[in-house]
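Colleague: Got a minute to walk me through this one? I'd like to go over it piece by piece.

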Amino acid sequence: MNAVSIYKSPAGEEAIKDHYNSVLADWPVPKEELVIATRHGQTFIIACGNENGPPLILLHGSGSNSAMWIGDVVDYCQHHRVYAVDIIGEANHSDPSRPDLGGDAYSEWLDDVHCELGLKTASLLGISLGGWIALKYAIAKPAQVDKLVLLCPGGVAPERRAFMLMALPMLLLGQRGVKMMIRYVYGTQDLPQEAVHFAQLIFDNFKPRMGGLPLFSDRELQRLTMPTYLVVGARDVLLNSAETARRIDALLPRAKIKQMQDAGHVLIGLSDEISEFLREYS
């Protein structure tokens, strides 16, 4: 396990984790908090929902944690046993391990999560980095993935280098620039003020992983024959959403695709339609 310092200071780490704990204290459904061992680090998981329902694994994005699902989890819990998994190496309660993105570590990590939870198969819902990990695992272990839900996933289309050129001047503006950058990433969607505050706290105190996510080949994506729901935002400043939609449409035979014209990289408020998709193929 390659443990690194992923926070800017011990005080910053404490501030992020304290705030995360306050969010978990307000989790809207009864939950269990699990810590399981994997080959690539201890992993924190929030388990909740229908204990007799089909399993659904939630994978958040980069520089984030499972708090992002707090507005959606009630819907998902009605029909599923939900496991909101904190990705290793991110701003959460899992270990600060950051294995090489180019190898098999992240599919091994998620396979260990599957095994430790006693799951034979599960549906995966991932956003951004979480979408990349969901794809990585589904390509490696397609028989163990029932359905895929991908929200602006990485690894399908190139990242937009222009965003970094735009972001650097914003960072020189201090807190005002950080708020501007968060708004660019989220697009025109209405954001809960609490979510903006937490995102800013993380940005101020966390060292995000640098470097782009490896792109999946056509041959890899063609392994995915399970029902798949892709949602992308047309105003995504981080990824080429049109190219993501084009490749998924061309290569995945059972893909349903939605392009949101006014949305950016972070997609919220979709739990109703995602739940409908998951029930449709159950």
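Modeller: Sure. Keep in mind that this is a predicted model. Where do you want to start?

Colleague: With the sheet. How many strands form it, and in what order?

Modeller: There are 8 strands in an open sheet, and the order is 1-2-4-3-5-6-7-8. The pairing is mixed.

Colleague: Which strands are at the edges?

Modeller: Strand 1 and strand 8, the latter covering 255-260. Each of these edge strands pairs on one side only.

Colleague: And what's the twist from one strand to the next?

Modeller: The twist averages 20° from one strand to the next.

Colleague: Okay, strand 3. Why do you call it largely enclosed by the rest of the structure?

Modeller: Because 5 of the 5 residues in strand 3 (residues 55-59) are buried. Both faces are covered: Pro55, Ile57 and Leu59 are buried on one side, and Leu56 and Leu58 are buried on the other.

Colleague: How many bridges join strand 3 to strand 4?

Modeller: The two are joined by 5 bridges and run parallel, with strand 4 spanning residues 81-85. As an example to look up, Pro55 has Arg81 in strand 4 as its bridge partner.

Colleague: What about strand 6 and strand 7, parallel or antiparallel?

Modeller: Parallel, with 4 bridges joining them; strand 7 is residues 228-233. Val149 has its bridge partner in strand 7 too, namely Tyr229.

Colleague: Switching to charges. How many salt bridges does a search of the whole structure find?

Modeller: The search turns up 9. One of the salt bridges is between the side chains of Asp112 and Arg39, at 2.9 Å from N to O.

Colleague: Where do Asp112 and Arg39 lie in the chain?

Modeller: They are in distant parts, 73 residues apart. Asp112 belongs to helix 3 (residues 105-117), while Arg39 is in the loop between strand 1 (31-36) and strand 2 (43-49).

Colleague: Buried or exposed, that Asp112?

Modeller: Asp112 is buried, since its relative accessible area is 13%. Arg39 is partly exposed, at 48%.

Colleague: Got another one that involves helix 3?

Modeller: Yes, Lys141 forms a salt bridge with Asp111, and their closest N and O atoms are 3.8 Å apart. Lys141 sits in the loop between helix 4 and strand 6 and Asp111 in helix 3, so this pair ties together parts that are 30 residues apart in sequence.

Colleague: I'd watch that distance. What's the cut-off for a salt bridge here?

Modeller: The nitrogen has to be within 4 Å of a carboxyl oxygen, and the Lys141 to Asp111 pair has its closest N and O atoms 3.8 Å apart. For accessibility, Lys141 counts as partly exposed at 32%, whereas Asp111 counts as buried at 12%.

Colleague: And which salt bridge has both residues in helix 9?

Modeller: That would be Arg246 with Glu243, where the closest N and O atoms are 2.8 Å apart. Both are in helix 9 (residues 241-251), 3 residues apart, which is about one turn of the helix. Arg246 is partly exposed at 47% relative accessible area, and Glu243 also counts as partly exposed, at 24%.

Colleague: Now backbone oddities. Which residue has a positive phi of about 60°?

Modeller: Ser128, although it is not a glycine. Most residues other than glycine have a negative phi.

Colleague: Where does Ser128 lie?

Modeller: In the loop between strand 5 (122-127) and helix 4 (129-140). Ser128 counts as buried because its relative accessibility is 15%. Cys152 also has a positive phi, about 40°, and is not a glycine.

Colleague: What's the setting for Cys152?

Modeller: Cys152 is in the loop between strand 6 (145-151) and helix 5 (161-171). At 2% relative accessibility, Cys152 counts as buried.

Colleague: Last topic, empty space. How many cavities of 30 Å³ or more does a whole-structure search find?

Modeller: The search finds 1. About 40 Å³ of space lies in the largest cavity.

Colleague: What lines it?

Modeller: The lining includes Met68, Trp69, Asp72, Tyr76 and Leu151, along with Leu267, Ile268, Gly269, Leu270, Ser271 and Ile274. By class, that lining has 8 nonpolar, 2 polar and 1 charged residues.

Colleague: Great, I'll go and look at it on screen.

Notes: Residues are numbered from 1 along each chain as its sequence is written. This is a predicted model: local features need pLDDT of at least 70, side-chain atom pairs count only at pLDDT 80 or more; totals for chains, interfaces and linings use all residues. Side-chain values use heavy atoms; hydrogens and water are left out. On a 1 Å grid over the protein atoms alone, a cavity is a set of points where a 1.4 Å probe fits but cannot get out, and a pocket is an open set with protein on both sides within 12 Å along at least five of seven lines; lining residues have an atom within 4 Å of a point. Grid points are joined across faces, edges and corners, and a volume is the space filled by probe spheres set on the points. Ala, Val, Leu, Ile, Met, Phe, Trp, Tyr, Cys and Pro count as nonpolar, Asp, Glu, Lys and Arg as charged, and the others, Gly among them, as polar. Buried means under 20% relative accessible area, exposed over 50%, partly exposed in between (1.4 Å probe, protein chains only). Two strands pair if DSSP finds at least two bridges between them. Axes are lines fitted to C-alpha atoms, for helices over the stretch in contact, and angles run from 0 to 180 degrees between N-to-C directions.
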